[in-house]
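The following paragraphs lead through one protein structure, beginning with the positions annotated in a database record and ending with the backbone. The reader may wish to keep the sequence and the model in view throughout.

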Amino acid sequence: MSDQPRRRPGKPHRRPKKDPVRILAFEALRAVDERDAYANLVLPPLLRKAREKGDFDARDAALATELVYGTLRRQGTYDAIIAACVDRPLREVDPPVLDVLSLGAHQLLGTRIPTHAAVSASVELARVVLGDGRAKFVNAVLRKIAAEDLDGWLERVAPPYDEDPEEHLGVVHSHPRWVVSALWDSLGGGRAGIEDLLEADNERPEVTLVARPGRATPEELLDAVGEENGLRGRWSPYAVRLSEGGEPGALDAVREGRAGVQDEGSQLVAVALANAPVEGADGRWLDACAGPGGKAALLGALAAERGASLLAAEKQPHRARLVARALAGNPGPYEVVAADGTRPVWRPGSFDRALVDVPCTGLGALRRRPEARWRRRPEDLDGFAPLQRDLLRQALNAVRVGGVVGYATCSPHLAETRAVVDDVLKEHGEATAELIDARPLMPGVPALGDGPDVQLWPHLHGTDAMYLALLRRTA
């Protein structure tokens, strides 16, 4: 008999448990990171596929959605916390590992999931998608994070407000410093207002429907969703707000194109342009940046009620197809063309009203696209600036004398709003174009500022931060 001690059998290898909810959330985050995709475009097909496989019920879908959007909204805060718990710069942590850590941090600090469940589920996810070795690293980091609640961590990782207010707000509210600075400049005022705005950016936005006039009514939509699932809009006469359980795609009016999903701020911009006073005829309307078609569909319906026609132009052919789909069935005359608003295919002075909802940084829609705040850079403004000015110039050329142009953008950044309008007005001169006070064209909407332009805000109006300036051509 050998004198060597008997070797104990090793611990049997256990297969990691596959959690379809967290695996799906991880896949969505990887798509956002690797492909520069947007979560609101990536997540729905992933959820649909999971439901078709029978892996998901409504509660699973709700949890996956919260994990993805909550992690993206709080990414800056979680990065600062994770950085305090690892022994290397975050840029040296593999992105898939960082995604698992961020998902775990959100479960620990941003949800009611119990600590032990959040850690164990995240470690199991790491074993499935990263392997056992890196799962041990994830386990160690998450246990450090679990030692403090969110407030405790913020006291540790955010600089004091009095020493560096913009960096403090950026870490606490998960916005890049330059975005905090830009929003604060646009908003004005003290600490309370900017904090309210940044907090609103991190809230889940309501789903808002538009009943396209002449084709559907808010009452029809409310009847279809039921009193428990819907409310009238706050400001737009065509808006219906859905509760969390509301499913727009289940409504006949939405499937048939008589209604659509559209933020109330976007509705207000289209309605204000449609109601702006014009001198003389009012038979031809233009949407010069029509993709993906929400404002064009509302404008088309409003134009049809007055016997006017709409030309909807969109530079990108695939987006022009989306516009055509949104306008399909419109009762009045309309045409959709794939055309560049800076190189118009229409004659000068052809229209009575024109809308240019210009490409921009999208800083006004961070509630819906939280990842955009991390992708945008200050230098992006330089890329948009010439295009925004050129689109507004061409829109003013497109309307006749007495006609009205609406310059709109889903960004409150002053470089994309008032600076553009002021520059183009200076070029044209006061004898050629003048600003119209847009505030009376949004009746009942409070806190619209000093005018004549209008800036909407998530924390004040519950809308995206849409900007609108109305200009009448005078010569």
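The UniProt record, an unreviewed entry, lists Cys289, Ala290, Gly291, Pro292, Gly293, Gly294, Lys295, Glu314, Asp340 and Asp357 under "binding site". The coordinates discussed here are those of a predicted model. Among the listed positions, glycine 291 sits in the loop that runs between strand 5 (284-287) and helix 15 (294-305). Its relative accessible area is 15%, so glycine 291 is buried. Beyond its neighbours up to four places away in sequence, glycine 291 touches Glu314, Arg319 and Val323; Glu314 also appears in the "binding site" list.

Lysine 295, another listed position, belongs to helix 15. With a relative accessibility of 11%, lysine 295 is likewise classed as buried. Setting aside residues within four places in sequence, the contacts of lysine 295 are Gln262, Ser266, Val269, Ala270, Asp287, Leu355, Asp357 and Met466.

Asp357 and Met466 lead to a further annotated position, since both are also among the residues that cysteine 410 touches. The unreviewed UniProt entry assigns the feature "active site" to Cys410. This cysteine 410 is placed in the loop between strand 9 (399-409) and helix 19 (418-428), and its relative accessibility of 15% makes it buried. Apart from residues up to four places away, the neighbours of cysteine 410 are Asp357, Cys360, Gly362, Leu363, Gly364, Ala365, Asp464, Ala465 and Met466.

The view may now be widened to the whole chain. The protein contains 20 helices and 12 strands. Its radius of gyration is 25 Å, close to the 23 Å that the globule rule gives for 475 residues, so the protein is as compact as a globular protein of that length. Along the principal axes, the C-alpha atoms fill a box of roughly 110 × 50 × 40 Å. Of the 475 residues, 53% count as buried. Among contacts with a separation of 6 or more, 73% come from residues 24 or more positions apart. The exposed area is about 21,900 Å², of which carbon and sulfur atoms supply 49%. There are 62 positive and 69 negative side chains, and the centres of these two sets lie 7 Å apart.

Two helical regions illustrate the packing. In helix 1 (residues 20-35), arginine 22 counts as buried at 10% relative accessibility. Residues up to four places away aside, arginine 22 touches Leu63, Leu67, Leu103, Gln107, Ile113, Ala121 and Leu125. In helix 8 (residues 150-157), Gly152, Trp153 and Leu154 are buried. The buried residues of helix 8 pack against helix 4 (75-83), helix 5 (95-109), helix 7 (132-145) and helix 9 (165-173).

The backbone completes the picture. Most residues other than glycine have a negative phi, and most peptide bonds are trans. The bond from glycine 291 to proline 292, however, is cis, with omega near 0°; proline 292 lies in the loop between strand 5 and helix 15. A cis peptide bond also joins glycine 451 and proline 452, with omega about -5°, and proline 452 is located between strand 10 (433-436) and strand 11 (454-455), in a loop.

Positive phi values occur at aspartate 36, about 55°, and at serine 174, near 60°. Aspartate 36 is in the loop between helix 1 and helix 2 (39-53) and is exposed, with a relative accessible area of 52%. Serine 174, in the loop between helix 9 and helix 10 (177-187), is buried at 0% relative accessibility.

How values were computed:
Residues are numbered from 1 along each chain as its sequence is written. This is a predicted model: local features need pLDDT of at least 70, side-chain atom pairs count only at pLDDT 80 or more; totals for chains, interfaces and linings use all residues. Side-chain values use heavy atoms; hydrogens and water are left out. Helices (H or I, at least four residues) and strands (E, at least two) are DSSP runs, numbered from the N terminus. The radius of gyration is taken over C-alpha atoms; the globule rule is 2.2 Å times the number of residues to the power 0.38. Buried means under 20% relative accessible area, exposed over 50%, partly exposed in between (1.4 Å probe, protein chains only). Contact means heavy atoms within 4.5 Å. Accessible areas come from the Shrake-Rupley method with a 1.4 Å probe; for residues, only the protein chains shown count as cover. Lys and Arg count as positive and Asp and Glu as negative; His and the chain ends are not counted. The place of a charge is taken as NZ of Lys, CZ of Arg, CG of Asp or CD of Glu. UniProt positions are given in the numbering used here, feature names are shortened, and annotations may be inferred rather than shown by experiment.
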